[in-house]
Amino acid sequence: EKKKKLEVPSKPELATSLSPDHPFYNEVNEIVSNHLRRLLSEVKEPKDDWMCIVDQGDLKVFKRELEENGVPLDPMKAVCTVKGMTGHEVCHYFWAFDTRMEWEATLEASRVVEWLSDDTFISNNIIKRVWPASQRDACFWSHMRHISKSNDEGPDSWIVVNYSCEHDDCPPTKYVRITMNVALICETIIEPPVSGNITRDNITCKITYTADVNPGGWAPASVLRAVYKREYPKFLRRFTTFVEEKTHNKDIMF
Ligand code: 6CM
């Protein structure tokens, strides 16, 4: 006998599992919205104030030179297209703490400071020292969410935001504290096969990565800019290769 389809009342998708009473609830929602708004407005306007510093075809890195009292604050942006993985998978591994040290080449150590909810936690990254500057660290919340769509058209999207915060269990006493506002936004493009099921060959992920990092105190601009030019493309290659290795023989996580 054919099973009857259950009528399930549609439930509005929760944007975050963080409780509305949580002290970080408003900040997380506001910062995520700002990233989405910024991304949408850039699609409409030509981004001629961005300098392309790396162009490898499928991977491009851009920057805007900005200095404040001699401290370089250059906003960075990268776009990267990868085959065989979904935006959900890419965002999952960028957010997941337990595998961060497997792809993060600039870190000496990292620890979870506090879990705020299923989709949000605070961590402390200790960054490898860059000569001749002092060693740095960072304390930030990481939040992952599905971007709900107003209609069914268009690609499925996910976002991860890493945003600096303060925490009593993570005082800035040992290292120079950097601050950051980082976002990774992924869109999944599916080209359905003529027949049969969707496989990884039918999937492409479009990644947009933005990073506003304040090195927090004196840092020689020429050294920092050389580090960024080398490390951002290296991070995207290493990280997407890592996601490929983790996912290629697993079921697709849509
Ligand atoms: O986004 C990335 N990683 C995330 C998870 O760890 C997180 C971290 C962002 C930190 C980015 C700051 C890197 C700055 C390193 C240099 C600072 C030293 C100053 C000394 C100057 C002479 O969002 C990937 C980050 C890839 C970094 C290239």
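Is Glu 65 buried, partly exposed or exposed? Glu 65 comes out as partly exposed, at 47% relative accessible area. That is a handy way into the salt-bridge network, so my notes start there. Keep in mind throughout that this is a predicted model.

1. **The network as a whole.** Five residues are linked by salt bridges here: Lys 63, Glu 65, Glu 67, Asp 74 and Arg 225. For context, the count of salt bridges comes to 13. As a general reminder, side chains of opposite charge can pair when their charged atoms come close.

2. **Lys 63 and Glu 65.** These two side chains meet in a salt bridge, with 2.9 Å from N to O. The partners sit in rather unlike surroundings: Lys 63 is buried because its relative accessibility is 9%, below the 20% cut-off, whereas Glu 65 is partly exposed at 47%.

3. **Glu 67 and Arg 225.** Here the N to O distance of the salt bridge is 3.4 Å. The pair links distant parts of the chain, with Glu 67 in strand E3 (residues 67-68) and Arg 225 in helix H4 (residues 221-247), 158 residues apart. Glu 67 is partly exposed, with a relative accessible area of 46%. Arg 225, at 19%, counts as buried because the cut-off is under 20%, and I'd keep that figure in view when describing this residue.

4. **Arg 225 and Asp 74.** Arg 225 also meets the side chain of Asp 74, in a salt bridge of 2.5 Å from N to O. Arg 225 belongs to helix H4 and Asp 74 to the loop between strand E4 (71-72) and strand E5 (76-83), so this pair ties together parts that are 151 residues apart in sequence. Asp 74 is buried, with a relative accessible area of 2%.

5. **Strand E2 and its partners.** Which residues make up strand E2, and how many of them are buried? The strand runs over residues 59-63, and four of its five residues are buried, so "mostly covered" is a fair description. E2 pairs in the antiparallel sense with strand E1 (residues 51-55) over four bridges, and Val 54 stands opposite Val 61 in E2. E2 also pairs with E5, again in the antiparallel sense, over five bridges. In that pairing, Lys 60 has Val 79 of E5 as its bridge partner.

6. **The E1-E2 turn.** E1 and E2 form a hairpin with three residues between them. Gly 57 is in the turn and has a positive phi of about 80 degrees.

7. **Two backbone details to check by eye.** Trp 131 and Pro 132 are joined by a cis peptide bond, with omega at about 5 degrees. Pro 132 is placed in the loop between strand E7 (120-127) and strand E8 (136-147). Then there is Asn 69, a residue other than glycine with a positive phi, near 50 degrees. Asn 69 is in the loop between E3 and E4 and counts as exposed at 80% relative accessibility.

8. **His 167.** This one lies in the loop between strand E9 (156-164) and strand E10 (176-177). What does its side chain reach? The His 167 side chain reaches the backbone nitrogen of Asp 169, at 2.9 Å. His 167 is buried at 16% relative accessible area. Beyond its neighbours within four places in sequence, His 167 is in contact with Val 113, Glu 114, Ile 122 and Cys 139.

9. **The E11-E12 loop and a nonpolar patch.** Ile 198 is found in the loop between strand E11 (179-190) and strand E12 (203-214). At 35% relative accessibility, Ile 198 counts as partly exposed. Together with Ile 190 and Phe 254, Ile 198 forms a nonpolar patch on the surface, with about 250 Å² of accessible area in total. Gly 196 lies in this loop between E11 and E12 as well, and is exposed at 63%.

10. **A distance for orientation.** How far apart are the C-alpha atoms of Gly 196 and Asn 69? They are separated by 60 Å, with the two positions 127 residues apart along the chain counted as their separation.

Methods: Residues numbered from 1 in each chain as written. Predicted model: local features only at pLDDT ≥ 70, side-chain atom pairs only at ≥ 80, totals over all residues. Heavy atoms only, no water. Helix = DSSP H or I, 4+ residues; strand = E, 2+ residues; numbered from the N terminus. Buried < 20%, exposed > 50% of the residue type's maximum accessible area, 1.4 Å probe, protein only. Polar contact = N/O pair within 3.5 Å; in protein donor to acceptor, adjacent residues only side chain to side chain. Contact = heavy atoms within 4.5 Å. Patch = residues over 30% accessible without salt bridge, like charges linked within 9 Å, V, L, I, M, F, W, Y side chains within 5 Å. Areas by Shrake-Rupley, 256 points an atom, 1.4 Å probe, with all protein chains shown as cover. Salt bridge = Lys/Arg side-chain N within 4 Å of Asp/Glu carboxyl O. Pairing = 2+ DSSP bridges.
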